[in-house]
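Student: I've got a model open and want to talk through one of its strands. Can we start there?

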Amino acid sequence: MNMEVQYAIGLMSGTSLDGVDAALVNFSQDIQLIHKNYVEFPVSLQKRIQALISGSNCFLKDVVKIEGEITDFYVLACKNLLKLSGLTSKQIRVIGCHGQTVWHAPASPIQNCFQLGNPHRLAHKMRIPVVYDFRRADIAAGGQGAPLVPLFHQALLQHQNENRAVLNLGGFCNISVFTPKSDCIGFDIGPCNSLLNLWIEHHRGEKLDFDGKWSASGTVINSWVEHALADPFFAKSPPKSTGREYFDLQWIQKISRLASTENAPAADIQASISDAIAHSIANAINTWTKNVSRCFLCGGGRKNLDLASRIQKYLPNMIVETIEHSGFDGDYIEAIAFAWLGWQRVHSKKIDYRKITGSQYPTYYGVLVEF
């Protein structure tokens with residue numbers, strides 16, 4: 001294949017709702033990140049997406065308007081990448097677009113998830129084929145719809161002499177585990193930055209706990225952590241996935257009631273949330289994986305020094321380091337992953353996620369839109 005069609009773009013807007021990560025990737029040999037770009041959503045758009053997720057007086061016209069705005073930011077991110085690289089649309093084989101998740105409940109009676117983003121508009125604006133709607137393909141095949149990145153992690157970081165894990169500390173936390181010879185496994189562990197961000201915004205009006213300084217200033221309330229970890233989701237065996245539909249601000253407040261800590265200092269609750277997240281990660285790794293020697297942290301949570309130190313504390317026999325030690329930018333791993341997933345789809349490759357999401361058979365992931 002000619003070099004001119006070895007490129008793909010990956011777009012990822014996650015549960016933090018803050019914007020879109022865009023990655024231009026070269027697949028000619030190894031997976032190579034060529035350029036990256038982040039486009040932030042306006043605060044007003046972030047708030048309307050959150051209101052849509054929470055079901056706060058949103059009408060169909062609001063959904064359509066929000067989707068259009070999100071799509072325009074996707075277009076902007078793609079155009080920025082072309083400008084940075086000097087490439088043209090004709091040199092990009094595909095855009096893998098995750099979309100903005102507003103509903104993820106594969107275990108509910110509805111058994112569905114939904115991402116916003118108009119792939120037709122994106123494809124026609126960019127004159128590039130687009131692959132989208134990855135998760136519903138997995139759910140239709142009997143899976144959880146998440147996580148979809150473990151096989152990409154394996155392709156990127158498998159080592160001939162080392163058992164490795166990749167821990168994605170996004171709004172929610174998922175893990176990929178692979179050895180030099182065995183099949184890859186992966187699953188959602190539970191909430192991560194989403195809870196920390198919700199709590200600090202609720203009490204301090206801030207979008208995130210920068211470096212984990214606020215949680216580090218608090219004192220962990222052991223009873224709060226114990227009640228949090230007693231939630232049935234954490235004991236459920238993989239495959240499993242979850243989202244904001246379950247772990248939200250009301251969940252934090254419920255745990256505080258159960259632990260009789262409604263009047264505790266807010267910083268202590270933040271410290272307890274961070275500690276519960278780290279415990280849930282360590283418990284999942286110790287329960288569902290074996291002999292992992294190195295764990296790479298990616299996603300925004302790797303910058304939370306308090307959370308990262310707690311994870312290392314509860315996994316004392318494992319090397320825990322950011323994914324930058326492998327040579328990749330941890331802010332763009334998921335965007336690269338969806339470029340990879342789009343690349344698989346546009347080359348008609350089925351993916352086997354039976355041991356990860358619980359899907360019943362290998363299938364094509366994503367819908368291809370051409371212009």
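Tutor: Sure. Arg164, Val166 and Asn168 point one way from strand 7, while Ala165, Leu167 and Leu169 point the other way, and all are buried. Buried means under 20% relative accessible area with a 1.4 Å probe, protein chains only. Strands here are DSSP E runs of at least two residues and helices are H or I runs of at least four, numbered from the N terminus.

Student: What kind of model is this, and how are residues numbered?

Tutor: It is a predicted model: local features need pLDDT of at least 70, side-chain atom pairs count only at pLDDT 80 or more, and totals for chains, interfaces and linings use all residues. Residues are numbered from 1 along each chain as its sequence is written, and side-chain values use heavy atoms, with hydrogens and water left out.

Student: Which strands pair with strand 7, and in what sense?

Tutor: Strand 7 (residues 164-169) pairs with strand 10 (residues 294-298) in the parallel sense, over 5 bridges. Strand 7 and strand 8 run antiparallel, joined by 6 bridges. Two strands pair if DSSP finds at least two bridges between them.

Student: What sits opposite Val166 in strand 8?

Tutor: Ser176. In strand 10, the bridge partner of Val166 is Phe296.

Student: How many residues are in the hairpin link from strand 7 to strand 8?

Tutor: The hairpin joins them through 2 residues.

Student: And the whole sheet?

Tutor: It is open, with 5 strands in the order 9-8-7-10-11 and mixed pairing. Strand 9 (185-191) and strand 11 (319-322) are the edges, each pairing on one side only.

Student: What lies across it?

Tutor: Helix 11 lies across strand 7, strand 8 (172-178) and strand 9, at about 155° to strand 9. Angles run from 0 to 180 degrees between N-to-C directions, with axes fitted to C-alpha atoms, for helices over the stretch in contact. Contact means heavy atoms within 4.5 Å.

Student: New topic. How many cavities of 30 Å³ or more are there?

Tutor: The search of the whole structure finds 1. A cavity is a set of points on a 1 Å grid over the protein atoms alone where a 1.4 Å probe fits but cannot get out; lining residues have an atom within 4 Å of a point.

Student: What lines it, and how much space is inside?

Tutor: About 50 Å³. The lining includes Pro191, Trp251 and Ser280. Helix 11 (residues 266-288) gives the largest share, 4 residues.

Conventions:
On a 1 Å grid over the protein atoms alone, a cavity is a set of points where a 1.4 Å probe fits but cannot get out, and a pocket is an open set with protein on both sides within 12 Å along at least five of seven lines; lining residues have an atom within 4 Å of a point. Grid points are joined across faces, edges and corners, and a volume is the space filled by probe spheres set on the points. Buried means under 20% relative accessible area, exposed over 50%, partly exposed in between (1.4 Å probe, protein chains only).
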